Amino acid sequence: MPDRLSALDASFLYVEDHATPMHVGGVAIFERPRSGFTYAQLLDLIGGRLAFLPRYRQRVMEVPGHLARPVWVDDVDFDLNYHVRRSALPQPGSDEQLFDLVARLMSRRLAPERPLWEAYFIEGLAGDRVALVTKTHQSVVDGVGTIELGQLILDPAPAEPEPFEDIWTPRREPSRTQLMLDAISEGVQRPGEVVENVRSVAMDAAAAAGKFAETVGGMASTLRTLVNPAPSGPLNVRVSGGRVFAVVRTRLEDFRKIRAAHGGTVNDVVLAAITGALREWLLSREEQLTPDTTIRALVPMAVRDAETAEYSTPALVGNQVAAYLVDLPVGEPNPVLRLQHVGHAMAEHLDSGRSVAARGLLKVGGFAPATLHSLGARAAGSLSGRIFNVMVTNSPGPQVPMYAGEARLVEMFPVMPLMRTQALAIGVTSYHGGVYFGLNGDRKAAFDVDLLAGMIEESLEELKGAHW
């Protein structure tokens, strides 16, 4: 039987266009060891582990006439050097130059005729650092059969990569005739699905994605506020093809101190800091706020599976993803009250939300947040953009150093995709005592995303100094 894309995975291909590429990214910054960390070593590291990720050597093949969903086939012309690329900044490269490059890389769609991922080894950063920028299509990472590449190449101890010898032999691609015969055979058993497949590529892509999500059974959890449209505002506009990217570096200890002083969870404090920043950002744009003004955030979170509750590792918080809608109280001027509102909303959802398992995370350690951010993007992509204003993913990571070969990971910033009518997406990852925010924005609608990044720092400081 053909390895056919699921309805949800196919929907990500159908909704994609030049303005909304459907890939999730990451920016990992490494400290180059004395022994060096070269492009050739990275090739050895990634190539030696692709056997654990067969999907990364497969491409999507369409079925003639769209009689069935596309299939995964081995790429007979797979070229690791095409997917793992080398780039450099003019020395000494600044963070601003790096993040401008990241924005340009993330705005480009992945080539549909090749396996749907890319990695960029970027040299020239000041302080003898190197960066690894990854792009992986949402149809690739399902958390069950396939995890994110960043999770696989990071280890809790340094080790020199072994020279990679490619002995992989691809299976022969099916012919167009074979694809049609397989589709017809399946159509005889499920005739209604043939009609749905043809209709899905002809109808509006966003509606198709919603229909596919329902067919799958809902990638995201049931959301009680689903029927209510999100508040209108500058975050919900038709996005352009350009991107801007900014980051925020904070310390985990600050979030823990705020939690100890005012209650809630670290994630509540993260959301409250973002809420305060969004409030100031809206005011800077002369938006009119009332005490009841809110911004609705879609918050995919990792949760623990009751069947495997005994499983625990510093690299993994849970093996499930649930998506919640949270109304962020941007109209509230008091930072402590904002935190309390967020905490109550999250507690209510956590008591009632359904989750989607990602049991593949139990099998491989590494840097699990890379996979969890991808699963969060899948949850967002399966929902209508009319029901939320901004996506915020927060995936706690290991509090011990991680390594790619012998190079120590210093910082990790998620790059979340934009939906068709969402001008901003925020990814948050905690790692080794730090909390790192990645803000991906539309170049036209969120041109001042660096201003918002600075406001997150200010909002956190406001929470640190807040008293009843």
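The following exchange goes through the fold, one helix pair and the internal cavities of a predicted model.

Biologist: How many helices and strands are there in the protein chain?

Modeller: The model is predicted, and of the 468 residues of its protein chain, 58% count as buried. Among contacts between residues at least 6 apart in sequence, 81% join residues at least 24 apart. The elements in the protein chain number 13 helices and 16 strands.

Biologist: Are helix 9 and helix 10 roughly parallel or roughly perpendicular to each other?

Modeller: Two packed helices are described by the angle between their axes and the distance between the axes. For helix 9 (residues 252-262) and helix 10 (residues 266-284), the axes lie 9 Å apart and the angle is about 100°. Angles of 65 to 115 degrees count as roughly perpendicular, and helix 9 and helix 10 are therefore roughly perpendicular.

Biologist: Which residues in helix 10 are met by residues in helix 9?

Modeller: From helix 9, the contact draws on Leu252, Phe255, Arg256, Ile258 and Arg259. The residues of this contact of helix 9 with helix 10 divide into six nonpolar, no polar and two charged. On the side of helix 10, the residues met are Val266, Val269 and Val270.

Biologist: What is the volume of the largest cavity?

Modeller: The structure holds six cavities of 30 Å³ or more. In the second largest cavity lies about 60 Å³ of space, whereas the largest cavity has a volume of about 180 Å³.

Biologist: Which element gives the most to the lining of the largest cavity?

Modeller: The lining comprises 21 residues, and those nearest the centre of the cavity are Gly26, Thr134, Glu148, Ala370 and Met412. At least two lining residues each come from strand 2 (23-31), strand 7 (129-137), helix 5 (149-153), helix 12 (369-381) and strand 14 (407-415). With six residues, the element that gives the most is strand 2.

Biologist: How many residues of each class, nonpolar, polar and charged, has the lining of the second largest cavity?

Modeller: For the largest cavity, the lining has 13 nonpolar, seven polar and one charged residues. The second largest cavity is lined by Pro21, His23, Gly25, Met106, Arg243, Val415, Met416, Pro417, Leu418 and Asn440. By class, the lining of this second largest cavity has six nonpolar, three polar and one charged residues.

Definitions and conventions: Residues are numbered from 1 along each chain as its sequence is written. This is a predicted model: local features need pLDDT of at least 70, side-chain atom pairs count only at pLDDT 80 or more; totals for chains, interfaces and linings use all residues. Side-chain values use heavy atoms; hydrogens and water are left out. Axes are lines fitted to C-alpha atoms, for helices over the stretch in contact, and angles run from 0 to 180 degrees between N-to-C directions. Helices (H or I, at least four residues) and strands (E, at least two) are DSSP runs, numbered from the N terminus. Angles under 35 degrees count as roughly parallel, over 145 as roughly antiparallel, 65 to 115 as roughly perpendicular and the rest as oblique. Contact means heavy atoms within 4.5 Å. Ala, Val, Leu, Ile, Met, Phe, Trp, Tyr, Cys and Pro count as nonpolar, Asp, Glu, Lys and Arg as charged, and the others, Gly among them, as polar. On a 1 Å grid over the protein atoms alone, a cavity is a set of points where a 1.4 Å probe fits but cannot get out, and a pocket is an open set with protein on both sides within 12 Å along at least five of seven lines; lining residues have an atom within 4 Å of a point. Grid points are joined across faces, edges and corners, and a volume is the space filled by probe spheres set on the points. Buried means under 20% relative accessible area, exposed over 50%, partly exposed in between (1.4 Å probe, protein chains only).
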